[in-house]
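Colleague: Before I rely on the structural terms used for this protein, I should like to hear what each of them rests on. May I put my questions to you one by one?

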Amino acid sequence: MDALPNSTAARDVAYLLHPYTNARAHERDGPIVIAKGEGIHLWDDAGNKYIEAMSGLWSVGLGFSEKRLVEAAYKQLQILPYSHTFTHKAHEPSVELAEMLVKMTPDGLDRVHFTNSGSEANDTVVKMVWFYNNAIGRPEKKKFISRLNGYHGITIASGSLTGLPANHRGFDLPLPQMKHVTTPHHYRFAEEGETEEEFSTRLAEELEAKILEEGPETVAAFIGEPVIGAGGVLVPPAGYWPKVQAVCRKYDVLVVADEVINGFGRTGKMFACETYDIQPDVLVLSKQITSSYQPLAAIVFSDKIYQGIADGSEALGTFGHGFTTSGHPVATAVGVENIKIIQERDLVSNAAKVGDVMRGELAKYADHPLVGEVRGVGLIAACELVADKATKAKFDPVGKVGMSVFKAGHEHGVILRATGDSVCFCPPLITTEEQAVDIVARFGKALEDVRKALG
Ligand code: PLP
């Protein structure tokens, strides 16, 4: 790395351990220092401009310069910069956001509990479900089933729910209570000639077999992202959610929909539960809830679970869980304003409309020699790159070509993301049709560069 002494880059390498980064590679290569943002664009400290086609981490729905969010934070900081919600304390912004969420989420979700991140939220869901089952007299019912390639965070419990090897390797995870079943990805995991419906039926049968193998009296919940995000934007096969949900209901297994990425318009509906006909017992939200201007996550859950937890807290004297900043007034005030803006500007319809354009442009690459599958829904998509289109053979090693396209994307002024060799697209909800066309065109140039380099 040839950064100037005392530059941000040099001090970064000297002092920080970065999340999700190879620390030694970072010492060698240094960071890209992001200096400012506006609309869907970012600039690095060398003045290079990028389209942020991943909304940061799938999260900056309103883009990087929404003044109303800044004003909402500033206003709340002046009125009440901090107050907690432990031991019967309340404040207006957290109550307003909770009420808003109960009213706008699918029927049957009646209560809200706030955390600061998606990982904390999913860790909290595990503890809430354990507490609930203890409270209602079923202490055996504790296991969670999730899917391989699903992503639910990185704390001890949420990291165990995550079905990606990189989140387990070196961390002594997963916990023994967490079990994983097959990824609902037709392109990769369907058998020869199997239709999407048949594949979904097989996966529902697999889930049922897993529940029976573990013992239904020990299985508490099934958790999944309606559309898998970090695992490579995996859109569920036709019929998948109704079928797995029916199995869960049969064995009194709670359904947890992790909409940390999907929520607030990403799939072209306000919630992906609407897109995929899911009636969850628990809905987990974060990221676009504040467009990530503030750290916040929300667990929205059924009255049935609430009543069990309330009885348990009465019996034990407290629900002994919560964070110093749970339901932080500034974060929840920003959340309220953020959702108002999404509704007022009808950004959910915009995501559906612009998403159609983006996916339409991407579909033009389906015949490209490196492209195995183009997939997506609403304003989230991926292009899976393969070594051999006919056999679907992966590159060896997996991820190197995806990373090359990601890096070439920077040269063409677009920030994408490579999950293995799947190149992901998740631009802000405010993206216009012209910008969506531009994003895909820049990707196309990056892909061509890499194809040429591969020879
Ligand atoms: N759940 C899903 C579906 C996610 O995509 C993520 C993060 O990407 C998380 C949970 C974890 O959220 P956080 O990174 O805020 O802990």
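Modeller: Let us begin with pairing: two strands pair if DSSP finds at least two bridges between them. Please bear in mind that this is a predicted model.

Colleague: What makes β5 and β7 a pair?

Modeller: Three bridges join β5 to strand β7 (residues 219-224). The requirement is at least two bridges, so the two strands count as paired. They run parallel, and I145 has F222 as its bridge partner in β7.

Colleague: How do you know that β5 and β6 pair as well?

Modeller: The same cut-off of at least two bridges applies, and β5 and β6 share four bridges in the parallel sense. R147 stands opposite V181 in β6. In addition, β5, helix α7 (residues 156-161) and β6 make a right-handed β-α-β unit.

Colleague: Why is β5 called largely enclosed?

Modeller: A residue is buried if 20 or more other C-beta atoms lie within 10 Å of its own. Five of the five residues of strand β5 (residues 143-147) are buried, so the strand is largely enclosed by the rest of the structure. Both faces are covered: K143, I145 and R147 are buried on one side, and F144 and S146 on the other.

Colleague: In which sheet order do these strands appear, and what makes β4 and β6 the edge strands?

Modeller: The open sheet of seven strands has the order β4-β10-β9-β8-β7-β5-β6, with mixed pairing. β4 (111-115) and β6 (178-181) are its edge strands, as each pairs on one side only. Neighbouring strands in this sheet are turned by 20° against each other on average, direction ignored. Further along the order, strand β8 (residues 254-258) and strand β9 (residues 282-285) run parallel and are joined by three bridges; D258 stands opposite V284 in β9.

Colleague: Why is R188 called partly exposed?

Modeller: Buried requires 20 or more neighbours and exposed 12 or fewer. R188 has 16 C-beta neighbours inside 10 Å and therefore counts as partly exposed. This residue is found in helix α8 (residues 186-189). Its C-alpha atom is separated by 9.7 Å from that of E373, which is 185 residues apart from R188 along the chain.

Colleague: How is the chain divided into domains, and how far apart do their centres lie?

Modeller: Domain 1 comprises 32-64 + 346-454 and domain 2 comprises 68-344. Their C-alpha centres lie 26 Å apart. The contact takes 25 residues from domain 1 and 25 residues from domain 2. On the side of domain 1 that touches domain 2, α14 gives the most, with five residues.

Colleague: Why is the largest nonpolar core said to lie between the domains?

Modeller: Among the 124 residues of this core, V256, V284, V405, L416, V423 and F425 touch the most other members. Helix α6 (residues 118-135) gives the most to the core, with eight residues. Domain 1 and domain 2 both give residues to the core, so it lies between them. As for L416, the residues it touches include A53, M54, F406, V423, F425 and F443, not counting residues up to four places away in sequence.

Colleague: What makes β12 mostly covered?

Modeller: Six of its six residues are buried. I380, A382 and E384 point one way from β12, A381, C383 and L385 point the other way, and all are buried.

Colleague: Which strands pair with β12, and how do you know?

Modeller: The cut-off is again at least two bridges. β11 and β12 pair in the antiparallel sense over six bridges, with L385 as the bridge partner of V371. These two strands form a hairpin with two residues between them, and G378 in the turn has a positive phi of about 50°. Four bridges join β12 to β15, also in an antiparallel run; there, C383 has V423 as its bridge partner.

Colleague: What makes β1 and β13 the edge strands of the other sheet?

Modeller: This open sheet of four strands has the order β1-β2-β3-β13, with mixed pairing. β1 (34-38) and β13 (414-415) each pair on one side only. Strand β2 (residues 41-44) and strand β3 (residues 49-52) pair in the antiparallel sense over three bridges, and W43 stands opposite K49 in β3. Helix α16 (residues 433-454) packs on the sheet, touching β3 and β13, and its direction makes about 110° with that of β3.

Technical notes: Residues are numbered from 1 along each chain as its sequence is written. This is a predicted model: local features need pLDDT of at least 70, side-chain atom pairs count only at pLDDT 80 or more; totals for chains, interfaces and linings use all residues. A nonpolar core is a set of buried Ala, Val, Leu, Ile, Met, Phe, Trp, Tyr and Cys residues joined through C-beta atoms within 7 Å. Domain bounds come from an automatic or database domain assignment. Two residues are in contact if their C-beta atoms, placed from the backbone, lie within 7 Å. Axes are lines fitted to C-alpha atoms, for helices over the stretch in contact, and angles run from 0 to 180 degrees between N-to-C directions. A crossover is right-handed if, with the strands pointing away from the viewer, the path from the first strand over the helix to the second runs clockwise.
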